[in-house]
Amino acid sequence: MLVCGALAVLAQTKVTLNTDLAKTQINKHIYGHFAEHLGKCIYGGMYVGEGNTKIPNTAGVRNDVIQALRDLKVPNLRWPGGCFADAYQWKDGIGPKANRPKMVNIWWGGVTEDNSFGTHDFLDMCERIGAEPYLAGNVGSGTVKDLADWVTYVNHPAGSPMSELRKKNGRETPWNVKLWGVGNEAWGCGGNMTAEYYSNIYRQYATFMSDHKDAKLYKIASGASDGQYDWTETLMKNIPHNMMQGVALHHYSVLSWGDKGPSVGFSEAQYFKTMDEAWKMDEFIKGHSTIMDKYDPAKKVALIVDEWGGWYNVEEGTNPGFLYQQNTMRDAMIAGLTLNIFNNHADRVKGANLAQIVNVLQAVILTNEEKMLLTPTYHVMKMYNVHQDAKLIPIDIEAPSYEFNGKKLTAVSVSASKDAQNAVNISLTNIDYTKVHEVTINLRGEDFSKVSGQILASSKISDHNTFEQPNKVSIKDFSGAKLEKGVLKLTIPAYSVVVLKVIK
């Protein structure tokens, strides 16, 4: 039995998987990511410049980052923001790089950017990593024509002024970008709008965002933060549903916006609070889904959680506007728990984007000059990618609580799916700070003969990877699950993630 720096106290968790009732598809886009012009996410993170001879790259994008994201099976990547999106003028980021005007990033650090990473760079990078691009349109400071032109520039095949401009800039064929955000956080940095005003603005912008031959647009409205249920109600009531395919939701696992606490060296009280905030994702999805169900019982409009993750104080000595933080086993717990929640709400949640992909917030990759490492969050998302486009298996679960100072949280979260080869994949996250959990899983509906697994665990909750020790936290094979007569039994250590594969 592996006990990760915790007391060897067993708690009992009972799960029933109805393996013959798998119907709802877990949309692969739940496993999306987010790259904003923020700190060293783009410049110095993914993009090091075409002339860089020190770091191997393709068209200026790091080769090691490209390979890591391919291995992660990133389904979509959101860009250029975030708050930055509603200040971004896309036409300044095309054409010869020497001629591109500079801009000041008013949201993140006040740094001057040279626009050397623009539309072509991003969309070509998405092709290399095999991800669909998700472009966040500028509604806050841009015009309807600006956004309409951007759609035409990237999607119209030939004959229009924008498609001819694209060809002049070196791209003959369109990229056929389908995923579009119509503004970001319109209630805040996207314009401080009311829900009623934004609903009308959305209708105006969406009207002029045209489908093209091979790109039927999937338009996502700027949605609520946390429990802003009135925002969702107004959008669902005032925007015709044939004009929007998704409504966004943002939620971060943050201690408090006044003091977010450290990313390493946190207390159990801070850990418990972070897990409490992570579990609130389930509450918020249920609340917003209930409202959406009232106006859209057929669930044609998706809930897209296009910003989520842990948010802490920046690392000491770094620019406070760059949001650089370490990534520990606590972040692995946020990831495992949240992805289980998304999977289990696959009937309404059709997309999500972890914030952010490199060097910012709950990043899956950290870089430092020529060095690169994969974080615990990366490993969880890689373990969980077996659920992408698989069929959700309904589950029943009885799990004891993780208790701290008189408060309780469900200790073990579980989701399960059946893939195209009829293998059953089960993901379990035990957020308990001290207790090992004994888990019994009844596989109801079908017979299975073999089980294999992987685990992410470490000796301390604050363990993380560094450039000196990049593999301190890594995925290991897990052979602790035993299958007999349709019943799986295993023990899952405190603060660990296990993914099992069961086959016939």
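Strand β21 covers residues 424-430, and 7 of its 7 residues are buried, so the strand is largely enclosed by the rest of the structure. Buried means under 20% relative accessible area; exposed means over 50%, and partly exposed lies in between (1.4 Å probe, protein chains only). Strands (E, at least two residues) and helices (H or I, at least four) are DSSP runs, numbered from the N terminus. This is a predicted model, in which local features need pLDDT of at least 70, side-chain atom pairs count only at pLDDT 80 or more, and totals for chains, interfaces and linings use all residues. Residues are numbered from 1 along each chain as its sequence is written, and side-chain values use heavy atoms, with hydrogens and water left out.

In a regular strand the side chains alternate between the two faces of the sheet. In β21, Val424, Ile426, Leu428 and Asn430 point one way. Asn425, Ser427 and Thr429 point the other way, and all are buried.

What pairs with β21? Two strands pair if DSSP finds at least two bridges between them. Strand β20 (residues 412-418) pairs with β21 in the antiparallel sense, over 7 bridges. In this pairing, serine 417 stands opposite asparagine 425. The two strands form a hairpin with 5 residues between them. In the turn, asparagine 422 has a positive phi of about 65°. Strand β27 (residues 496-503) also runs antiparallel to β21, joined to it by 7 bridges. Here serine 427 has valine 499 of β27 as its bridge partner.

Next come the aromatic rings. Rings of Phe, Tyr and Trp (its six-membered ring) pair if their centres lie within 6.5 Å; planes under 30 degrees apart count as stacked, over 60 as edge-to-face and the rest as tilted. The structure holds 21 aromatic pairs. In one of them, the ring centres of phenylalanine 84 and tyrosine 88 are 5.5 Å apart and the planes meet at 35°, so this pair is tilted. Both residues, phenylalanine 84 and tyrosine 88, are buried. Tryptophan 150 and tryptophan 180 make an edge-to-face pair, 5.6 Å centre to centre with 85° between the planes. This pair links distant parts of the chain, 30 residues apart. Tryptophan 150 sits in helix α3 (residues 144-155), and tryptophan 180 in strand β9 (residues 179-182). Tryptophan 150 is buried, at 2% relative accessible area. Tryptophan 180 is buried too, at 0%. Both tryptophans belong to one aromatic cluster, whose members include Tyr43, Trp79, Phe84, Tyr88, Phe117, Trp150 and Trp180.

Some rings have a charge over the face. The rule asks for NZ of Lys or CZ of Arg within 6 Å of the ring centre and within 35 degrees of the ring normal. Arginine 78 lies over the face of phenylalanine 34, at 4.6 Å from the ring centre. Arginine 330 lies over phenylalanine 266, at 3.8 Å from the ring centre.

Now to the charged pairs. Side chains of opposite charge can pair when their charged atoms come close. A salt bridge is a side-chain nitrogen of Lys or Arg within 4 Å of a carboxyl oxygen of Asp or Glu. By this rule the count is 26. Aspartate 64 and arginine 62 meet in one of these, at 2.9 Å from N to O. Aspartate 64 is partly exposed, at 25% relative accessible area, whereas arginine 62 is buried, at 0%.

Glutamate 127 and arginine 171 form another salt bridge, their closest N and O atoms being 2.9 Å apart. This pair links distant parts of the chain, 44 residues apart. Glutamate 127 is in helix α2 (residues 119-129), while arginine 171 is in the loop between α4 (161-168) and β9. Glutamate 127 is partly exposed, at 46%, and arginine 171 is buried, at 14%.

A further salt bridge lies in helix α7 (residues 268-295) and joins glutamate 277 to lysine 273. The closest N and O atoms are 3.0 Å apart. Because the two residues are 4 apart in the helix, about one helical turn separates them. Glutamate 277 is buried, at 8% relative accessibility, while lysine 273 is partly exposed, at 29%. Elsewhere, salt bridges that share partners join Asp293, Asp296, Lys299, Asp347 and Arg348 into one network.
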